[in-house]
Amino acid sequence: MITVVGSYNVDFILKVDKFPEEGETVFIKDIYISHGGKGSNQAVSASRLGAKVKLIAAVGNDEYGRRAISFWEDEKIDVGYVKIKNAPTGSAYIIVNENGQNMIVVNRGANIFLLPEDLNSELKGEVVLTQLEIREDTVKKALREFNGLRILNPAPATLNDISILDYVDILTPNEVEFKELSGADDLDYGIEVLLKKVKKAVIITLGEKGALIGMRNKRIRVETMKVNAIDTTGAGDVFNATLAVYLEKGYEIERAVRIANIIAAYSTTKIGALGPRLEEVKSLIEEEA
């Protein structure tokens, strides 16, 4: 069982030719409304790869919240621990340019009301996966009290309570998040800084350059599959979900990262933040295996 503790947002995806400069107006080519939020994205993406997933999240007592719960049920996710809050369901506004790059503005809504006391006996299983779109004290409790492998995807990059890292087995920042957390531009030095707290590994996701695994006295560069990306939104979430799935299966960390790179790259060839279903990528996984 993979337990995901995290956020849900309604995603409003705005396609443009180019990002606006300061004071500039640009026109939208297309608009899509979909399910998002890092917690939801990771839970759904893991479930689509065949994992049993339990989601601990918060939504509003509104139509968007009801749609979210129905969506998760359709995706075969255990929603018994989703909390209904007296606040609007979270929302995100994602601008995507013609190169597939994105800019995101988030209204946290009900996500900020997922409290530590909302996490009680639910913190059991093989893997917990969490992020930083919810309260830090809730993240800290999830990591501190979980009895299995603990993965923190430190996104967005701001972390006020650095002691949270003491309860992390695997940290998965992108380059921006890595520099924010380590205070270092040099990857090797920054990994050493973070490994003074993180128990097992720091995995830096590098986009089209793949990923770098940092462990004590060991560095492994893992290449990724070359694709023509049309939307990079959610690629990091797909990476983290896939990593959790294959670590739960007992794969060695390097092999799990190789598969996570492939599935994340594949996801950028589609519009939206959710990962592919297992049948879509089974042949790619088998080629790696």
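**Strands, a buried helix and some unusual backbone angles**

Strand β9, residues 127–130, pairs with β10 in the parallel sense, and four bridges hold the match. This comes from a predicted model, so everything below describes that model. Within the pairing, L129 has I151 of β10 as its bridge partner. On to the next neighbour: β10 (residues 149–152) also pairs with β11 (residues 170–171), again in the parallel sense, this time over two bridges. Here I151 turns up once more, with I170 in β11 as its bridge partner. As a reminder of what pairing involves, strands of a sheet pair through backbone hydrogen bonds, and they can run either parallel or antiparallel.

These strands belong to a bigger arrangement. Eight strands make up an open sheet, and reading across it the order is β4-β1-β9-β10-β11-β12-β13-β14, with mixed pairing. The edges are β4 (53–56) and β14 (218–222), each of which pairs on one side only.

What covers the two faces of β10? Both are covered: L149 and I151 on one side are buried, and so are R150 and L152 on the other. L149, which sits in β10, has a relative accessible area of 17%, and it counts as buried because the cut-off is under 20%. Leaving out residues up to four places away in sequence, L149 touches E126, V127, V128, D169, I170, K200 and L247. L149 and I2 are 147 residues apart along the chain, yet their C-alpha atoms are separated by 9.6 Å.

Out at the edge, R219 is part of strand β14. Its relative accessibility is 28%, so R219 counts as partly exposed. Setting aside neighbours within four places in sequence, R219 makes contact with D188, I191, E192, L212, I213 and G214. R219 and F239 are 20 residues apart in sequence, and their C-alpha atoms are 19 Å apart in space.

Not every pairing here is parallel. Strands β7 (residues 91–96) and β8 (residues 102–107) run antiparallel and are joined by six bridges. Across this pair, I95 of β7 stands opposite M103 in β8. The two strands form a hairpin with five residues between them, and in it G100 takes a positive phi near 85°.

Now for a helix. Is α1 enclosed or open? Helix α1 (residues 38–48) has 10 of its 11 residues buried, so it is largely enclosed by the rest of the structure. The buried residues are G39, S40, N41, Q42, A43, V44, S45, A46, S47 and R48. After α1 comes G50, which has a positive phi near 100°.

A few backbone details stand out against a general pattern. Most residues other than glycine have a negative phi, and most peptide bonds are trans. K76 is not a glycine, but its phi is positive, at about 65°. K76 lies in the loop between α2 (63–74) and β6 (83–85), and with 69% relative accessibility it counts as exposed. N217 is another non-glycine residue with a positive phi of about 65°. The loop that holds N217 runs between β13 (211–215) and β14, and N217 counts as exposed at 80% relative accessibility. As for peptide bonds, the one joining A155 and P156 is cis, with omega at about -5°. P156 is in the loop between β10 and β11.

Finally, the whole chain. The protein chain has eight helices and 14 strands. Its radius of gyration is 18 Å, close to the 19 Å that the globule rule gives for 289 residues, so the chain is as compact as a globular protein of that length. Along the principal axes, the C-alpha trace spans about 50 × 45 × 40 Å. Of the 289 residues, 55% count as buried. Looking at contacts between residues at least 6 apart in sequence, 61% join residues at least 24 apart. The accessible surface comes to about 13000 Å², and carbon and sulfur atoms account for 48% of it. As for charge, the chain carries 36 positive and 43 negative side chains, and the centres of these two sets lie 5 Å apart.

How values were computed
Residues numbered from 1 in each chain as written. Predicted model: local features only at pLDDT ≥ 70, side-chain atom pairs only at ≥ 80, totals over all residues. Heavy atoms only, no water. Rg over C-alpha atoms; globule rule 2.2 N^0.38 Å. Buried < 20%, exposed > 50% of the residue type's maximum accessible area, 1.4 Å probe, protein only. Contact = heavy atoms within 4.5 Å. Areas by Shrake-Rupley, 256 points an atom, 1.4 Å probe, with all protein chains shown as cover. Lys, Arg positive; Asp, Glu negative; His and termini not counted. Charge placed at Lys NZ, Arg CZ, Asp CG, Glu CD. Pairing = 2+ DSSP bridges.
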